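The following note is offered for the file on this model. Its points are numbered so that each can be read against the coordinates.

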Amino acid sequence: MTAMEDLIERAQELADIGAASAVLAWDQETMMPAKAIASRAFQLATLQGIYHERLTHPATGDLVARLSDAPPSVLSATERAMVRELKRERDRAVKVPTELVKRVAEAASRGIEIWRHAREISDFGAFQPALSEMVELKKQVADCVGYEGTPYNALLDEYEPGLTQTQTAEVFAGLRVHTVRLLGDLQSSFRSHDRAILERRYDPDRQLSFTVDVLKSMGYDFQAGRQDLSTHPFTTSFHPQDVRITTRVQERDGASALMGSIHEGGHALYEQGIALALARTPLGSGTSLGIHESQSRLWENFVGRSDPFWEYFYPQFKSAFPDALGDVERDDFLRALNVVSPSLIRVEADEVTYNLHIILRFEIESMLFGNDARVADLPDIWNTKMRDYLGIVPTTAADGVLQDIHWSFGALGYFPTYALGNLYAAQLYATLRKQFPDFDDRLRSGDLVFLREWLRDNIHQFGRTYTASELIVRVTGEPLNPTYLTTYLRTKYGELYGL
Ligand code: ZN
């Protein structure tokens, strides 16, 4: 057996252990009876322990070191990428001492409980010590991993390999200025729209079966996946031939199940489209969270909230919900689906204001890790930024700085990938429109599979072979450029709001 074959065999074993954990986690969110929670935690911890042991095993380390140093002629480009990705994951795992990993995990599980309570009583002071501890622990993690500039770079790198704080700040600053201006223009427009149409009664079973119809049109393979219900929609992949999604149905919301399914469907098509030759290797998943999110946002917003899409689907949708939509024209439905209105809560935000919520969090995280702010100051900083960017100020901490669970379990450096997803999606969308002058006509005729095929050919099949920054240049011919998103938003919403 060659060193490369040995490495692949080890990577396959890791992939299988990881997939088994993921099956258990999926089951926990969808099927598992309540009393199984404690036993499931043991099962997951044991599997994660085995995974960590195999990953950090010295023999794996020797192989990675030897193959990383091998002359380029010895390995194919794909093999070199496999070594690179395994090395990346292993380096992080080796550099952070088990003791610190444990302390972060304990702080995370405590943090979630403390945050829940603090949000309930809307008291940031009750959460502050836990958040301070988490920030300190994450700084220690960053020190172990290593970084240039700010420790925040080490955290960003975990979710979006290679991304730096400086780069992100530059891109986000442009996006922020433009979005604030656009929002002002939309708010002073003579037209205003509301969502009331979507808050009528929509039969839950019909909603669910409509999501299935649309997923099939997108080319989601139900022989290699399934859709179940869960509190928070998500996508999980065990293998390109087993990629599952979940959705959530609300009777008084005609759009959230469908938009949620299209979003997760976008993630799932990425994972289903990865070349089988890359399955069970370090390249067998999406390349970064930002690129992953670009797939879900492209489908959800650029396609699923567009007029051509609804020109095809609206007649079917209307006949599925005659009571809710009998008197509603497509134009009015589309406007309801694309209402822009500043909201306090990120997860309820529209396509325009969403990025402002992310930018605000990114700026706060940058300040925390650049020692430009103390945790105690966060409520004030939060409210000031909300006023400056969105023009509204929460009256309670629960609706402000305490609204989101992520910080409580240490997901710091993670939020930027959401806005990156929108930015990448807009750039891909612009390329698509250039390559398919009949893009809208195809959507109007219900053809969505051409889009899946293009994404598969240009992005999906490669898995992690290319990094996000390599991939975006390969596919669109240039590095990340925020003007695609700002142009798209101004064009689309300028039209809808009659600017
Ligand atoms: Zn997503």
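1. Three strands make up an open sheet, arranged in the order β1-β3-β2 with mixed pairing. The edge positions are taken by β1 (227-229) and β2 (235-239). Each of these two has a single partner strand, so one side of each is left without a neighbour in the sheet. From one strand to the next, the twist averages 25 degrees. The model under discussion is a predicted one.

2. Within this sheet, β2 and β3 (residues 242-247) run antiparallel and are joined by four bridges. Thr 236 is found opposite Arg 244, the latter in β3.

3. Helices also pack on the sheet. Helix α9 touches β1 and β3, and its direction makes about 155 degrees with that of β1. Helix α10 is in contact with β1, β2 and β3, its direction making about 165 degrees with that of β3.

4. The zinc site deserves a separate point. Which residues coordinate the zinc ion? The donors are His 263 (NE2), His 267 (NE2) and Glu 293 (OE), at 2.1 to 2.3 Å. Along the sequence, their spacing is H-x3-H-x25-E. The pair of His 267 and Glu 293 links distant parts of the chain, 26 residues apart: His 267 belongs to helix α10 (residues 256-272), and Glu 293 to helix α11 (residues 289-303).

5. Are these two donors buried or exposed? His 267 has a relative accessible area of 10% and is therefore buried, the cut-off being under 20%. By the same cut-off Glu 293 is buried as well, because its relative accessible area is 7%.

6. As to aromatic contacts, the structure contains 30 aromatic pairs. In one of them, Phe 210 and Phe 317, the ring centres are 4.9 Å apart and the planes stand at 75 degrees, so the pair is edge-to-face. This pair connects helix α9 (residues 204-218), which holds Phe 210, with helix α12 (residues 307-320), which holds Phe 317, across 107 residues. Both Phe 210 and Phe 317 are buried.

7. A further pair is formed by Tyr 354 and Tyr 418, with ring centres 6.3 Å apart and planes at 85 degrees, so this pair too is edge-to-face. Tyr 354 lies in helix α15 (residues 354-369) and Tyr 418 in helix α17 (residues 416-435), so the pair ties together parts 64 residues apart in sequence. Tyr 354 counts as buried at 8% relative accessibility, and Tyr 418 is buried with a relative accessible area of 12%.

8. Phe 210 and Phe 317 also belong to one aromatic cluster. Its other members are Tyr 202, Phe 309, Trp 310, Tyr 312, Phe 313, Tyr 314, Phe 321 and Phe 333.

9. Two arginines are placed over aromatic rings. The charged end of Arg 442 sits over the ring of Phe 450, 4.7 Å from its centre. Arg 474 lies over the face of Phe 462, with 5.0 Å to the ring centre.

10. A final point concerns Ser 21, which is part of helix α1 (residues 3-30). At 11% relative accessibility, Ser 21 counts as buried. Apart from neighbours within four places in sequence, Ser 21 is in contact with Leu 44 and Leu 47.

How values were computed
Residues numbered from 1 in each chain as written. Predicted model: local features only at pLDDT ≥ 70, side-chain atom pairs only at ≥ 80, totals over all residues. Heavy atoms only, no water. Donors = N, O, S within 2.8 Å, 3.2 Å for Na, K, Ca; no water. Buried < 20%, exposed > 50% of the residue type's maximum accessible area, 1.4 Å probe, protein only. Phe/Tyr/Trp six-rings, centres within 6.5 Å; stacked < 30°, edge-to-face > 60°. Lys NZ or Arg CZ within 6 Å of the ring centre and 35° of its normal. Pairing = 2+ DSSP bridges. Axes fitted to C-alpha atoms, helices over the stretch in contact; angles between N-to-C directions. Contact = heavy atoms within 4.5 Å.
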